[in-house]
Amino acid sequence: MIAVDGLSKSFGDLDVLQNISLSFGKGETVAIIGKSGVGKSTLARIIAGVDKSYQGRVSAPDRIGYVFQEPTLLPWRRVLANLTLFHPDLPDDTAREMLARVDLDNKASQWPRQLSLGQQRRLALARAFMGDPELLLLDEPYTSLDSETHEDMLALTETLIDQVRPAVLIVTHNTLEATRLAQRTYELRGSPATLQTVPA
Amino acid sequence: MTRKIAITLVSILAFFALWMVLAALTNDPQVLPRPGSLLKPFRAELLSGELPYHLAQTLIRVVWAFALAMSLGMVLGFVMGQSERINDWLDPWLIVFLNLPALVLIVLCYLWIGLNETAAIAAVTLNKVPNVAVLIREGTRARSPDIDALARVYHMTPLRRLVHIDLPQLAPYIAAAARSGVAVIWKIVLVVELLGRSNGVGFQIHLYFQLFDVGMVLIYAFSFIAVMLLVEWGLLQPWERATRKWRVA
């Protein structure tokens, strides 16, 4: 169970998030929409445990998968190592299997910079789903993709979510992505931003 | 590659041609001997064992000072790059040491520690540590915050994070510090030897300076330059190529 209770966040004198409360569990997908710079990514980073300076309470599992706005791969490690390095307890075969699920099994020994942007994003998705995460955070994971690759990525994400069934929080400014993937959608609005339910 | 080697060879030949022209113009072997006239004393110095002995002494000092300066500078720079608070405390020290003339540090080390090997290596190390620290501090600050976040999300241990996340990002900065370090350190080692050691290339250059033997000064200087070029081409450049293999794939 992921629970956020009375969360507020400031950067110096600038109040960004105010009294955010949210909870969701395994198998549920929740979307947070809002304009650029409203604090969506900040909320995701707090839930992931990356940013620890905030007021309020946040409870999240340890096993988290995170897809950043950029693919955020390690360019100095080959494709396969970009999975195994973050899951040292899992055998290489699990990583190869994961690469096959995102159609990158023939790219295992290549460098990330040899992949297209779409392939890099698929690799980032594979890294996030590997090890069956209890919570999956998707922070604008489809930006800068052409419409065909965007559709492929959305379909792949849906398939992987169905297979792994984690709790999912997707942060996006794209309402269509939110309604397609999530059962519940919230909007971050205002300054400081508050969370408001978006009717289905 | 072949073109690069050809240009290097032509450039070296041009240097020797210029040397020969200048030697012909001065027409005084005591001021500037011709390159060819140095072969005989070079061979004699080599066969007597004097040249290899003094080269080895200098090389040992360079290796010690380089290893210490790189290790200390990297730790210091990394810590300062990680923590603004520690940086605030240590930055004034760094500025002082960066601006302290090498000669002052060498003299002070000899005065405080004595005319021995420890003082010689300490003096060279202290001269180079601030430069390494500054470069590594900037590299530490320039690391990707997203990759740092990734390491935190996946609960990487500090050692794994250092090896797989931090050091690869710092590699270009380490390479720059190492290459400039080698170039600067051997020059300072020669000054240290000139001032307070009884062996090494710097000591020999001092000796032949007193004898006004320009030829022997050049033989020792060029011999050590040759050794350092071997280090550059045989160790530093291959290592640097290996660390940026992924960039050129």
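## A walk through chains B and A

Start in chain B and select helices H9, H3 (50–82), H8 (158–196) and H10 (214–243): the buried residues of H9(B) pack against the other three. Keep in mind that you're looking at a predicted model.

Now zoom in on H9(B) itself, residues 201–210. Which of its residues are buried? Click on Val201(B), Gly202(B), Phe203(B), Gln204(B) and Ile205(B), and you have them. Follow the chain past the helix to Phe212(B), where phi is positive, near 55°.

**Over to the sheet in chain A**

Next, select the strands E5, E6, E7, E3, E8 and E9 of chain A. In that order they make an open sheet of six strands, and the pairing is mixed. Which strands sit at the edges? Look for E5(A) and E9(A) (194–198), since each pairs on one side only. Tilt your view a little: neighbouring strands are turned by 20° against each other on average, if you ignore direction.

Stay at the E5(A) edge and colour in E6(A), residues 135–139. These two strands run parallel, joined by four bridges. To see one partnership up close, pick Tyr66(A) and then Leu137(A) in E6(A), its bridge partner.

**The helix on the sheet**

Now add helix H4 of chain A, residues 117–129. H4(A) packs on the sheet, touching E5(A) and E6(A), and its direction makes about 165° with that of E5(A).

Try a quick ruler check here. With 13 residues at 1.5 Å each, H4(A) should span 18 Å, and its end C-alpha atoms are indeed 18 Å apart, so the two agree.

Is H4(A) largely enclosed or largely open? Largely enclosed by the rest of the structure, because 10 of its 13 residues are buried. Among them are three arginines to click on, Arg121(A), Arg122(A) and Arg127(A), along with Leu123(A), Leu125(A) and Phe129(A). What do the buried residues pack against? Show E5(A) and E6(A) together with helices H2 (81–84), H3 (92–101) and H5 (147–164) of chain A, and you'll see the neighbours. After H4(A) comes Gly131(A), with a positive phi near 85°.

**Last stop: where the chains meet**

Finally, show both chains together. Here 17 residues of chain A are in contact with 11 residues of chain B. On the chain A side, select helix H1 (40–48) and your old friend E5 (64–67): each supplies at least two of the residues that touch chain B. Colour that side of chain A by residue type and you'll find 11 nonpolar, three polar and three charged residues.

Conventions
Residues numbered from 1 in each chain as written. Chains lettered and ligands numbered in written order. Predicted model: local features only at pLDDT ≥ 70, side-chain atom pairs only at ≥ 80, totals over all residues. Contact = placed C-beta atoms within 7 Å. Nonpolar A, V, L, I, M, F, W, Y, C, P; charged D, E, K, R; others polar. Pairing = 2+ DSSP bridges. Axes fitted to C-alpha atoms, helices over the stretch in contact; angles between N-to-C directions. Buried ≥ 20, exposed ≤ 12 C-beta atoms within 10 Å, placed from the backbone. Expected span 1.5 Å × (residues − 1).
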